[in-house]
Amino acid sequence: MDRIALKEIRKEYSAFTLNGISFPVKEGFITGFIGPNGSGKTTTIRAILNLNHLNGGEVLYRGVRPEDNDYLQDVGIVLDESYFPNDWSVEDVNNVLSVGYKNWKVAEFSKRVAGYGIDEKLNVKSLSRGMTTKLMLAAALSHGAKTLVLDEPTSGLDPRSRDEFRDTIQRYMAEDEENTVLFSTHITEDLEAIADYIAFIMDGAMIFYGTKDDFLEAYRIVKCREADLKAADPKVILGKKKTSTHVEVLVEANMADAFGENTVVEKPSIDRIMTFYHRGDEDA
Ligand SMILES: Nc1ncnc2c1ncn2[C@@H]1O[C@H](COP(=O)(O)OP(=O)(O)OP(=O)(O)O)[C@@H](O)[C@H]1O
């Protein structure tokens with residue numbers, strides 16, 4: 001079952017268009033949402049959270065198009081920047097959200113922020129980027145949300161905190177088989193560790209949606225000589241990088257043998273797929 005379904009969503013800014021993004025966020029699984037800087041991840045996430053007016057398409061939550069923001073009671077949110085007013089203390093966050101969320105757990109939030117080493121007397125604006133992310137994560141996990149929607153939750157975290165974040169998400173998933181997570185990231189190590197599904201966008205358009213394993217099987221990097229490239233239709237080349245001795249191209253897996261026999265074929269990591277995709281002719 002789809003916890004969230006994005007159906008052809010479209011958002012037009014003056015210099016950017018999110019152009020018909022469709023993918024499901026499957027109930028009971030972790031979906032990693034990837035794409036390079038400026039590809040439209042935050043715009044998509046804001047659409048899911050009803051923070052953006054859309055120019056087309058729709059977002060379904062538990063199979064229906066929400067008529068108001070009540071569905072957000074069920075959603076724990078981490079945004080890429082703080083959504084708390086700067087003059088609030090952490091204690092204010094606890095007090096105010098206990099009014100806003102029907103199932104807010106005051107003691108649970110206090111325990112979580114204390115666990116992150118955050119003093120509730122501190123002002124939100126005095127927190128570092130990583131601490132602010134942890135504060136949002138503590139809030140996201142303190143109102144019984146069955147869905148987490150997290151925008152770049154690990155980008156401000158140090159390696160140890162990233163590791164703890166991954167443990168926290170895995171514990172959350174183990175607590176209830178219906179718990180569901182969508183998180184965007186360009187730290188692909190996070191995905192390799194915990195994502196079940198991958199949604200990959202670029203320049204506002206959908207490139208891939210499927211299981212992480214299918215994603216890793218879908219592409220190959222072929223190392224060959226520049227002359228070998230002539231053997232194949234240039235359209236099969238999804239990305240290209242020259243090195244001092246040869247050229248490397250990203251292709252769909254079924255095109256890996258289109259460049260003749262004098263090649264080396266590798267299965268790329270998520271990171272390599274992302275960095276190669278749409279890459280041009282520049283030298284390494
Ligand atoms: N309010 C806005 N007005 C105009 N353009 C916007 C607005 N918000 C985002 N954009 C543009 O939309 C594009 C996509 O931005 P978005 O933040 O969704 O990308 P992203 O994939 O989340 O990037 P990053 O990985 O850098 O966070 C960018 O070119 C950005 O400048």
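**Figure 1. Contacts across the chain and overall form of the predicted model.** Among contacts between residues at least 6 apart in sequence, 72% join residues at least 24 apart. The model shown here and in the following views is predicted. Eight helices and 13 strands are present in the protein. The C-alpha trace spans about 65 × 40 × 40 Å along its principal axes. The radius of gyration is 21 Å, which agrees with the value near 19 Å expected for a compact globule because the protein has 284 residues. Of these 284 residues, 36% count as buried.

**Figure 2. The two domains and the annotated region.** The protein is divided into domain 1, covering residues 2-203, and domain 2, covering residues 218-276. A distance of 35 Å separates the C-alpha centres of domain 1 and domain 2. According to an unreviewed UniProt entry, residues 1-228 carry the annotation "domain: ABC transporter". Over residues 1-228 the chain is 32% helix and 29% strand. The C-alpha atoms at the two ends of this region are 46 Å apart.

**Figure 3. The shell of residues around the ligand.** The shell comprises 13 residues, of which Tyr13, Asn37, Lys41, Thr42 and Thr43 come nearest to the ligand. Helix H1, formed by residues 41-48, gives the most to this shell, with three residues. By class, the shell has nine polar, two nonpolar and two charged residues.

**Figure 4. Gly57 in strand S4.** Gly57 lies in strand S4, which runs over residues 56-61. Gly57 counts as partly exposed because 17 C-beta neighbours lie inside 10 Å. When residues up to four places away in sequence are not counted, Gly57 touches Lys7, Glu8, Ile9, Arg10 and Gly20. The C-alpha atoms of Gly57 and Asn19 are 9.8 Å apart in space, while the two residues are 38 apart in sequence.

**Figure 5. Arg62 and Glu152, two loop residues with positive phi.** Most residues other than glycine have a negative phi. Arg62, a residue other than glycine, has a positive phi near 50 degrees. Arg62 is placed in the loop between S4 and strand S5, the latter formed by residues 75-78. Since Arg62 has 15 C-beta neighbours inside 10 Å, this residue counts as partly exposed. Glu152 is likewise not a glycine and has a positive phi of about 50 degrees. The loop that holds Glu152 connects strand S6 (147-151) with helix H5 (159-175). With 21 other C-beta atoms within 10 Å, Glu152 is buried.

**Figure 6. The surroundings of Thr185.** Thr185 is found in the loop between strand S7, residues 180-184, and helix H6, residues 188-194. Thr185 counts as buried because 21 other C-beta atoms lie within 10 Å, and the threshold for a buried residue is 20 or more. Residues up to four places away in sequence being left aside, Thr185 touches Gly32, Ile34, Glu152, Thr154, Asp190 and Leu191. One of these partners, Glu152, is the residue shown above with a positive phi of about 50 degrees. Another partner, Ile34, is 151 residues from Thr185 along the chain, and the C-alpha atoms of the two are separated by 5.7 Å.

**Figure 7. Ala231 in the loop between S10 and S11.** Ala231 is part of the loop between strand S10, residues 219-224, and S11. Ala231 is partly exposed, with 14 other C-beta atoms within 10 Å. Apart from neighbours within four places in sequence, Ala231 is in contact with Ala258, Phe259 and Gly260. Between Ala231 and Lys121 the C-alpha to C-alpha distance is 67 Å, and the two residues are 110 apart in sequence.

**Figure 8. Ser244 in the loop between S11 and S12.** The loop containing Ser244 lies between strand S11, residues 239-242, and strand S12, residues 247-252. Ser244 is exposed because 6 other C-beta atoms lie within 10 Å, where the limit for an exposed residue is 12 or fewer. Ser244 and Gly115 are 129 residues apart in sequence, and their C-alpha atoms are 50 Å apart in space.

Technical notes. Residues are numbered from 1 along each chain as its sequence is written. This is a predicted model: local features need pLDDT of at least 70, side-chain atom pairs count only at pLDDT 80 or more; totals for chains, interfaces and linings use all residues. UniProt positions are given in the numbering used here, feature names are shortened, and annotations may be inferred rather than shown by experiment. Helices (H or I, at least four residues) and strands (E, at least two) are DSSP runs, numbered from the N terminus. Domain bounds come from an automatic or database domain assignment. The radius of gyration is taken over C-alpha atoms; the globule rule is 2.2 Å times the number of residues to the power 0.38. Two residues are in contact if their C-beta atoms, placed from the backbone, lie within 7 Å. A residue is near a molecule or strand if its C-beta atom, placed from the backbone, lies within 6 Å of it. Ala, Val, Leu, Ile, Met, Phe, Trp, Tyr, Cys and Pro count as nonpolar, Asp, Glu, Lys and Arg as charged, and the others, Gly among them, as polar.
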